[in-house]
Amino acid sequence: MNTLVIYTYPNHKSLNYAFLQKVIEGSKENPNIKELQVLDLYEEGFSPLLMFNEHKRRRDMYCDPELEKYKRQITWADKIVFVYPIWWGRPPAMLMGYIDRLFSANFAYRDKKGLLPEGLLKGKSVVCVSTMKGPANYLLFWLNNAHKILMKRALFSFVGIKRVKFFEFGNMENKNGKQTKKLEKIYRYFKEVNY
C-alpha cells in the first residue's frame with residue numbers, strides 16, 4: 001500500500017506536527033505500507049490560489065503543468081492521509097486551495113450524463129486526522145457534522161473515494177486534553193491499518 005500524507009499546518013513545533021510524526025512512525029512500522037511520501041504544503045510553498053484568465057481556464061486545470069507533481073502523488077497513492085487543524089469548522093484555506101486545484105475535472109472526476117459525475121479516484125482510501133481547540137462534539141452538535149459532510153460527501157464521494165476514516169480530536173489547547181493518549185491512538189492505527 002502506497003501512502004501519501006498531506007500535512008497542513010505552518011508550525012513544526014505544534015501538536016499537529018506531533019500527530020504527523022505519529023502517522024509517519026506508525027506507517028514505517030506497518031508491513032502493509034510499502035512506501036510513504038509526505039507533502040508539507042507550507043514547507044513546499046504550495047500556492048492555494050486559483051488563477052483564471054483568457055490563457056488559464058478552469059476546465060483546463062487537469063493539464064496545468066504546475067500541478068503535475070501533485071497529480072502524480074495522488075495517482076500513486078492507495079491511501080491519502082490529511083493532517084490539519086479545524087479552523088472555523090472547516091480545514092484551513094491552504095488545504096482547501098490544494099483540493100480546489102488538484103481535485104479537478106478530468107483528473108479526479110469526469111462529467112457524464114445524470115446527476116453525479118464519474119469519480120476517477122476509485123479504490124483509494126482516505127484518513128483525516130484533525131485537531132481543534134473546541135470540544136470534540138462541537139462539530140457534531142453545533143455544526144451538524146459539517147466537517148465530515150464537506151470532506152466525505154461533497155469531496156471524497158464525489159471523486160469516487162468511499163473508504164474515509166476521521167479522527168477529530170477536540171480540546172487540544174486544554175491542559176487535560178489527553179494529547180498523549182490521542183497521539184498514541186494515531187500511532188497504533190497507522191501501525192496496524194491494512195487498507
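1. Helices α1 and α7 are roughly parallel to each other, a label for angles under 35 degrees, with over 145 counting as roughly antiparallel, 65 to 115 as roughly perpendicular and the rest as oblique. They pack at an angle of about 30 degrees with their axes 7 Å apart. Axes here are lines fitted to C-alpha atoms, for helices over the stretch in contact, and angles run from 0 to 180 degrees between N-to-C directions. The crossing of α1 past α7 is right-handed, meaning that the near helix is turned clockwise from the far one by less than a right angle, while anticlockwise would make it left-handed.

2. A word on the basis: this is a predicted model, in which local features need pLDDT of at least 70 and side-chain atom pairs count only at pLDDT 80 or more, while totals for chains, interfaces and linings use all residues. Residues are numbered from 1 along each chain as its sequence is written, and side-chain values use heavy atoms, with hydrogens and water left out. Helices (H or I, at least four residues) and strands (E, at least two) are DSSP runs numbered from the N terminus.

3. Which residues form the α1/α7 contact? On the α1 side they are Leu 15, Ala 18, Phe 19, Lys 22, Val 23, Glu 25, Gly 26 and Ser 27, and they meet Gln 179, Lys 182, Leu 183, Ile 186, Tyr 187, Phe 190 and Lys 191 in α7. Contact means heavy atoms within 4.5 Å.

4. The length of α1 works out nicely: its 14 residues (15-28) should span 20 Å at 1.5 Å a residue, and its end C-alpha atoms are 20 Å apart, which agrees. The expected span is 1.5 Å times one less than the number of residues.

5. The buried residues of α1 are Asn 16, Phe 19, Leu 20, Val 23, Ile 24, Gly 26 and Ser 27. Buried means under 20% relative accessible area, exposed over 50% and partly exposed in between (1.4 Å probe, protein chains only). These residues pack against strands β1, β2, β3, β6 and β7 as well as α7. Ser 27 counts as buried at 1% relative accessibility; beyond four places in sequence, Ser 27 touches Ile 33, Leu 36 and Phe 190.

6. Just after α1, do look at Glu 29, in the loop between α1 and β2. Glu 29 is partly exposed, with a relative accessible area of 38%. Although Glu 29 and Lys 191 are 162 residues apart in sequence, their C-alpha atoms are 5.6 Å apart. Not counting residues up to four places away, Glu 29 touches Tyr 187 and Lys 191.

7. Two polar residues also deserve a look. Asn 2, in strand β1, counts as buried at 9% relative accessibility, and a polar atom of its side chain lies 3.4 Å from the backbone oxygen of Trp 76. Lys 124, in the loop between β5 and β6, counts as buried at 11%, and its side chain reaches the backbone oxygen of Thr 75 at 3.0 Å.

8. Finally, helix α4 (residues 93-102) is mostly covered, with eight of its ten residues buried. Among them are Met 94, Tyr 98 and Arg 101. The buried residues of α4 pack against β1, β2, β3, α2, α3 and α6.

Methods: Polar contact = N/O pair within 3.5 Å; in protein donor to acceptor, adjacent residues only side chain to side chain.
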